[in-house]
Amino acid sequence: MIHALKLSLSIVTIAVIFNLALSISLYFIFEKKKNSKKIVEFLLTLPIFLPPSVIGYMLIIGLGINSFIGKILFRYFNFRFIFSFQGACLAAIIVSLPILYQGIKVAFETIDKAYIETAQCLGVSKLNMIRYVYLPLGYKKVLSATILGIGRAFGEFGATILIAGNIPGKTSTLPLALYSAIESGDYIEANKILIILLIFSGIFLSLYIFITKKES
């Protein structure tokens, strides 16, 4: 159980850090490309409306050992996403990315344009605008979206079990460990995992309520 908890937290950390960087980058890359932005946002948001098992199956089709990309990765780099820690991270990234992106989009688009225009008139670079204008003014919404993303990645099950499997000590996150314990009839272990999941979920929810309350 302890290893499953450490694994879950590691995957969540990687997924959220990656998604924060990707979401901010994509927002500014497609900020003024309206047609391209619509397509990108459609694709980024689609996982919210897809069952996790569908996402997992699509990852198998696109990155499995018999797929075009999967064959190249395995042949030349001896690497595969299937049944791997990286596969579990990828599943968490995909299911939590829509939440992070939409949260960052709302955070940045609700900033008073006067601050942005002033920074532009002063010749502030885009990177410094992100550091000193966008993030300081929108950090509460970014933080609340981050916590939602953490909660979604932490509880991910369907996509993970399909692409990464349920390998103890390697890809078995807390939700998967709970599934294994129930399946094997070990309800004592299942109850322990359930308590841990409830504690962490409660912590994430409390943080989200605290931040959104301050924001309002």
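**Exercise 1. The largest cavity**

Task: Find how much space lies in the largest cavity of this predicted model, and which elements line it.

Solution. Start with the volume: the largest cavity holds about 70 Å³ of space. Next, count the candidates. The structure has 1 cavity of 30 Å³ or more. Now collect the lining, which consists of Ser8, Ile11, Val12, Ala88, Ala92, Ala153, Phe154, Glu156, Thr160, Thr173 and Pro175. Then assign these residues to elements: helix H1 (2-29), helix H5 (85-109) and helix H7 (126-154) each give two or more residues to the lining. Finally, rank the contributors. H1 supplies the largest share, 3 residues. If you would like to repeat the search yourself, the idea is simple: rolling a probe the size of a water molecule over the atoms shows where empty space is left.

**Exercise 2. The largest pocket**

Task: Work out the volume of the largest pocket and say which residues are closest to its centre.

Solution. The volume of the largest pocket is about 310 Å³. Its lining has 15 residues, and those closest to the centre are Leu43, Pro47, Ile55, Leu59 and Ile94. Moving from residues to elements, at least two lining residues come from each of H1, helix H2 (34-49), helix H3 (52-63) and H5. To finish, look for the main contributor: H5 gives the largest share of the pocket lining, with 5 residues.

**Exercise 3. Two residues of H1**

Task: Serine 23 and phenylalanine 18 should each be classed as buried, partly exposed or exposed. Then describe what lies around them.

Solution. Begin with serine 23, a residue of helix H1. Its relative accessibility is 0%, and buried means under 20%, so serine 23 counts as buried. Now list its partners: leaving out residues up to four places away in sequence, serine 23 touches Leu97, Leu100, Tyr101 and Ile104.

Phenylalanine 18 is also found in helix H1. Here the relative accessibility is 44%, so phenylalanine 18 counts as partly exposed. For the surroundings, take a C-alpha to C-alpha distance: phenylalanine 18 and isoleucine 93 are 7.5 Å apart in space, with their positions 75 residues apart in sequence.

**Exercise 4. Positive phi angles**

Task: Examine asparagine 78, phenylalanine 83 and glycine 185, and give the phi of each.

Solution. First, the background: most residues other than glycine have a negative phi. With that in mind, take the residues in turn.

- Asparagine 78 has a positive phi near 50° and is not a glycine. Its place is in the loop between helix H4 (68-77) and H5. With a relative accessible area of 62%, asparagine 78 is exposed.
- Phenylalanine 83 is not a glycine either, yet its phi is positive, at about 55°. This residue is found in the loop between H4 and H5. At 39% relative accessibility, phenylalanine 83 counts as partly exposed.
- Glycine 185 comes just after H9 and takes a positive phi of about 80°.

Helix H9 itself covers residues 174-184, and Leu174, Pro175, Leu176, Ala177, Leu178 and Ala181 are buried in it.

**Exercise 5. Bridging the sequence**

Task: Find how far glycine 169 is from methionine 1 in space, and set this beside the contacts of the protein.

Solution. Locate glycine 169 first: it lies in the loop between helix H8 (158-163) and H9. Glycine 169 is partly exposed, since its relative accessible area is 48%. The C-alpha atoms of glycine 169 and methionine 1 are separated by 9.5 Å, while the two residues are 168 residues apart along the chain. Now widen the view. Of the contacts between residues at least 6 apart in sequence, 71% join residues at least 24 apart.

**Exercise 6. The whole protein**

Task: Summarise the elements, dimensions, surface and charges of the protein.

Solution. The protein has 10 helices and 0 strands. Along the principal axes, its C-alpha atoms fill a box of roughly 65 × 45 × 25 Å. Buried residues account for 41% of the 216 residues. For the surface, the accessible area is about 12300 Å², and 68% of this belongs to carbon and sulfur atoms. Last come the charges: there are 20 positive and 10 negative ones, and their mean positions are 6 Å apart.

Notes. Residues numbered from 1 in each chain as written. Predicted model: local features only at pLDDT ≥ 70, side-chain atom pairs only at ≥ 80, totals over all residues. Heavy atoms only, no water. Helix = DSSP H or I, 4+ residues; strand = E, 2+ residues; numbered from the N terminus. Buried < 20%, exposed > 50% of the residue type's maximum accessible area, 1.4 Å probe, protein only. Contact = heavy atoms within 4.5 Å. Areas by Shrake-Rupley, 256 points an atom, 1.4 Å probe, with all protein chains shown as cover. Lys, Arg positive; Asp, Glu negative; His and termini not counted. Charge placed at Lys NZ, Arg CZ, Asp CG, Glu CD. 1 Å grid on protein atoms, 1.4 Å probe; cavity = no way out; pocket = protein on both sides within 12 Å on 5 of 7 lines; lining within 4 Å. Points joined across faces, edges and corners; volume = space filled by probe spheres on them.
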